[in-house]
Structures are given as C-alpha cells and as structure tokens.
Amino acid sequence: ILGEWNKGPHLTGYVDFAQSIKDHHPNFDGSFPWYSWSSCELPSLSSCQTQLENCLESMAHKGIKLGTISSHQIFTTLNKWHGINTALRRILNQNASKIAISNKVSSSGLWDRAVFALSARFNASEIDGVLDFEEKGKSLSIDEASYFKEAIVALRLAKEVIKMQQKWRANAIADLNRSGRFSRSLANSCTDWPCLLLELLSQAAEIGHFQPKLVINNVEILCNAMLTDDSMVCGSMYHDSLIWRIIALGANERCLPVILVTSDSYYSYQAFMDFGFPDIFVSRETFGWTPQEAKMHMVTDYFTHAEWMVIDDVLGPNPRHLFEVYVLKQSNYYQKLMDDEASTFEDIVDAYLAYLQVTVVNPSMEKALSILQKFAIDARSGKILEHRLHFGAPWRHPPSSKDPTKCKEWAKIQLMDFVQSLVNAEFGVNYLADCSLEILDDPAAVALVEVGLLYAQRDPSFFRPISKGIQRCLARWLVQERMQLSYQNLLQYLWQRIMRGRSYRHLMLQVGYDKY
C-alpha cells in the first residue's frame, strides 16, 4: 500500500531496520525469521540511525519543495529546544569569517549569518539537485528559488548544530557506556536530529496539501542493535528515547502518524504501560486470516477447499504458513510425492511441520535454554530481584554449583516443566486473570517470548504460541526431550512436576483462547 500512500498530498516514509540483514531479508532472497530477531546477526546502531535520518531528511526536502517548511520555521523549532549561539559562532569561525562577531548579536542574527556563510560553502548544483530545479527552474522566480535554497541550507545548518553539540557530549556518552548507567539527557542528545525532523514535518502537515506519515518496520531491532563505537548510547536506550519523544510530541504538540510494524508482543501488551498515554500508543494485532479474509486474499486460487481446511486445522490461518506451504506444493518434492498413489496433501503438511521443527522451533528452544542458564547464573550471583524468587516459585532454587552441565540440565527441566504446564492449560494462559501477573516473573515464559515462539496478546490477554503449527512443534519438542532424558534426569523432572511443578490452569482464558 506504500504506492497508494504516496499519491496526491500523501507522503509516506518507510524504514526497515532489518534491510541490511542479508541472511533474513527478502531484498537478499532471504526470508524473515520465524523466531526473534535477537537470534540473528543484527545491524549496527549507527546504520539504523542513518536509515531513519536519511528517510526523514528526504521527507523534509519534499516539505521544503512544497513550501511548507521554511528557514524561519527550522530556526524557531531548533531554538525552542537547544541553546544554539555557541554552536553558531563555532560554525561561523570554521567558515573563515574574518569579521568579529559582537556578543550582542541575537540568535536570529547569528542564524542568518550562518545560513549565508553555509550557502556560499555548499555546491549550488547539489542544492538544485535536491530541489529538482532542473525540472522546475523555468517556472520559478528568483525570489522563490532563493526561498527554497535558503530552507535547504537552513536544514543542513540545523544538522551541523546538533551534530556539533553531540560531539561535545562524546566523553560523557563514552563514560556512560563504560559504567552502564542511564542518562535521559544523553540518550535524548542521540535522537535530537530525527526528533527535530519529526517535529518540523508534523508542524508542516496540512490536510489536502502535505500529509506525511512514517512507517518503521522491525522497530524491535533497535533494542539489540550493535554498538560499534562510544559516540552513541546503547541500542535499548536509543530505542526508548526515540519512542518516548515521539509519544511526548503527540501528547504535548502534534505528531504525524507513526506506524510501528513488529512481531514483538512487547509493543502490544507492555509498551503502552511503560511509555504511558494508552490513547496515543494504539496497537492492533493480526494473527491470521478468517475464512472470509482468506477468500478475499485469493487463497482459494492456490488451495482447494479441502486443502485449506487441513491447513487451517493443523497450521492455523497464518499467511506465512500459507505462503511457505504453497512454495513447497510447487516444488519437485511435492510432485514426486503426489506420484505415489498412497500419498495425500496431509503428507506435504507433515513435511512442512518437520521443517518448522528442525529450522525454527528446535534452534529457538536452544536459545531459550541459554537464556534460562543465564538466569541461573544471575540468580546465583544475586543479580535477580527477590520478588522474582518468591517462596514457592518453581525456579527459586537454581543449581548452587558453577558446573555448566548441571546448569543446562536445570534449565532444560524448567523449560520442559513450563511447556507441560502450557499443554495442561491448552496453550491459553490469561496473564491478567484475577489481576495476577505471576507468569511474567517466570523466566521460562519470558525466554519463550524473547525468542519469539510465544506471543503475549493484549486483548484478550493471554500467552499463546504464534500459530497452531508452532504449538504442535512445541508439543513435539516436549515429547522428544522426555524420550531423550536419562533415568536420573527423568526422576529430577518428575520430582519437579510433582513437588514444584508449574500449574497455570487457574489462568486459563475460558472464552476466546482458541481463536487462532
């Protein structure tokens, strides 16, 4: 729909933070991972920042070409949040200004001088290229062309001012990264430029003339993006600062529509509480197509009614399942299978389930085991808060020794115990039942949500596998692990189930948990 959202007065910026991940992006003939992005090799935070800033800058350029963003507006917005006099004097000195500047010169006077000095430094043809003057030059008067050029130079000047102020904080940011502390002002300094652009675009928005929107895909990648140097805060701090300032802009001023596309359930069930303003942070969840929606999306053109019923019953109406089963159906393997008179469509679905088991669920469970092992180490060293290790918690007694083998065995028993409790609760656990959030303290639940196999739904509020296919694979994983347990580990598992075992049946959602 991006083409439709860029017609007429509409302008939509699109940023995909996963675009540079070659192994898992359609641009490189890959596919998005079923599991969490945290299990993949993530891009650097600086590349994500550059993507976002380039997108917003191109949107601002279009606003300037429409005459909705001016040099005065850029100065007013920048001066509202930043002290710019010192930075402007430095920039003027860098441009070899031999005229002494009086201390009595106002901020607006310094701004005008700096814009004039920068316009002489920049290549005129470069500015003309940004504004497409080659096409429009004949229809613009000299005053109009000067007005647009001044706005472009002013935008670049604003960027230089903010980048200069960020350099002044470089040592403080490096110390913050070394110490692991938190500073809102330093985090905000790293998001000053994209947030200034967002505010400029929001102020310039006008119905029927200029209606900008921003779509950010895979926004959760920011949280785990790699920090390559100490010039920026860590990814999670950058992410929180960006989201918080977008919400604050909408609450205190006005903000263009910002659409976050993600498969991380945090943005549905938790983010609106962490950042406040639930009326601004609106979430919509999509889990699959109903039979009517599937018909609208032409599923019946690719699968017969009987095949669609099998897929709906075994895998669930997840669009990605439908796509991948159709690709498998078109393969030579399917044709050879169908040549056998005893084979049916169910055989290709079984083959697909085996593919999900080996390539998606099993690696994700290994990642979840490593998260639980880290939890055991942190609990032993006193890094886990006491309320998470309350009396009666099944995970209260991790192994006291540092033996990694025992730690892994404990983690596997904990994970098996949790999956068994999910099976007993029919894979539908209401984490808000009776105003109880006890399951959110469970490290096994948190681990499976982090790796992307479980989804914490907002309305109705229950933990659920991301699809029926993944649910079946989780049950298969549990059976496989039980069969592979040694006699001693089997006794430990049975003791865990009988004496300390989890039971979430009292949190079962009575209505609606089977909607997926």
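Q: Is tryptophan 495 buried, partly exposed or exposed?
A: This is a predicted model. In it, Trp495 has a relative accessibility of 43%. Buried would need a value under 20%, and exposed one over 50%. The value lies in between, so tryptophan 495 counts as partly exposed.

Q: In which helix does tryptophan 495 lie, and what is the area of the nonpolar surface patch it helps to make?
A: Tryptophan 495 lies in helix H23, residues 487–500. Tyr487, Leu491, Leu494, Trp495, Ile498 and Met499 make the nonpolar surface patch. The helix is H23, and the patch area is about 710 Å².

Q: Which helix gives the most to the largest nonpolar core?
A: Nonpolar side chains tend to be buried together in soluble globular proteins. The largest nonpolar core here has 80 residues. Leu52, Trp111, Leu157 and Leu214 have the most contacts inside it. The top contributor, with 11 residues, spans 142–168: helix H7.

Q: How many residues does the other core have, the one that lies apart from the largest?
A: This core lies apart from the largest one. Among its residues are Ile311, Leu315, Ile439 and Leu454. Its residue count is 66.

Q: Which residues does leucine 52 contact, leaving aside its neighbours within four places in sequence?
A: Leucine 52 is among the residues with the most contacts inside the largest core. Leu214, another of that group, is also one of its contact partners. The full list is Val15, Phe17, Pro194, Leu214, Ile216, Tyr238 and Leu242.

Q: What is the phi of asparagine 218, and is the residue buried or exposed?
A: Asparagine 218 sits in the loop between strand S2 (211–217) and helix H11 (221–224). Its phi is positive, in a residue other than glycine. Its relative accessible area is 7%, and the limit for buried is under 20%. So phi is near 55° and asparagine 218 is buried.

Q: Where is phenylalanine 427, and what is its relative accessible area?
A: Phenylalanine 427 is not a glycine, yet has a positive phi of about 55°. The residue is buried. Its place is the loop between helix H20 (404–424) and helix H21 (443–450), and its relative accessible area is 6%.

Q: Which element has the lowest mean pLDDT?
A: The chain has a mean pLDDT of 84, and 89% of its residues reach 70 or more. Among the elements, helix H10 (residues 192–204) has the highest mean, 96. The lowest mean, 56, belongs to residues 133–136, helix H6.

Q: Over which residues does pLDDT stay under 50?
A: Where pLDDT is low, predicted coordinates should not be read in detail. The model has 13 contacts beyond four places in sequence for this stretch. The stretch is residues 511–516.

Methods
Residues are numbered from 1 along each chain as its sequence is written. Side-chain values use heavy atoms; hydrogens and water are left out. A nonpolar core is a set of buried Ala, Val, Leu, Ile, Met, Phe, Trp, Tyr and Cys residues joined through side-chain atoms within 4.5 Å. Buried means under 20% relative accessible area, exposed over 50%, partly exposed in between (1.4 Å probe, protein chains only). Helices (H or I, at least four residues) and strands (E, at least two) are DSSP runs, numbered from the N terminus. Contact means heavy atoms within 4.5 Å. pLDDT is the predictor's confidence in each residue, from 0 to 100. Patches are made of residues with over 30% relative accessible area and no salt bridge: like charges are joined within 9 Å, nonpolar side chains (Val, Leu, Ile, Met, Phe, Trp, Tyr) within 5 Å. Accessible areas come from the Shrake-Rupley method with a 1.4 Å probe; for residues, only the protein chains shown count as cover. A salt bridge is a side-chain nitrogen of Lys or Arg within 4 Å of a carboxyl oxygen of Asp or Glu.
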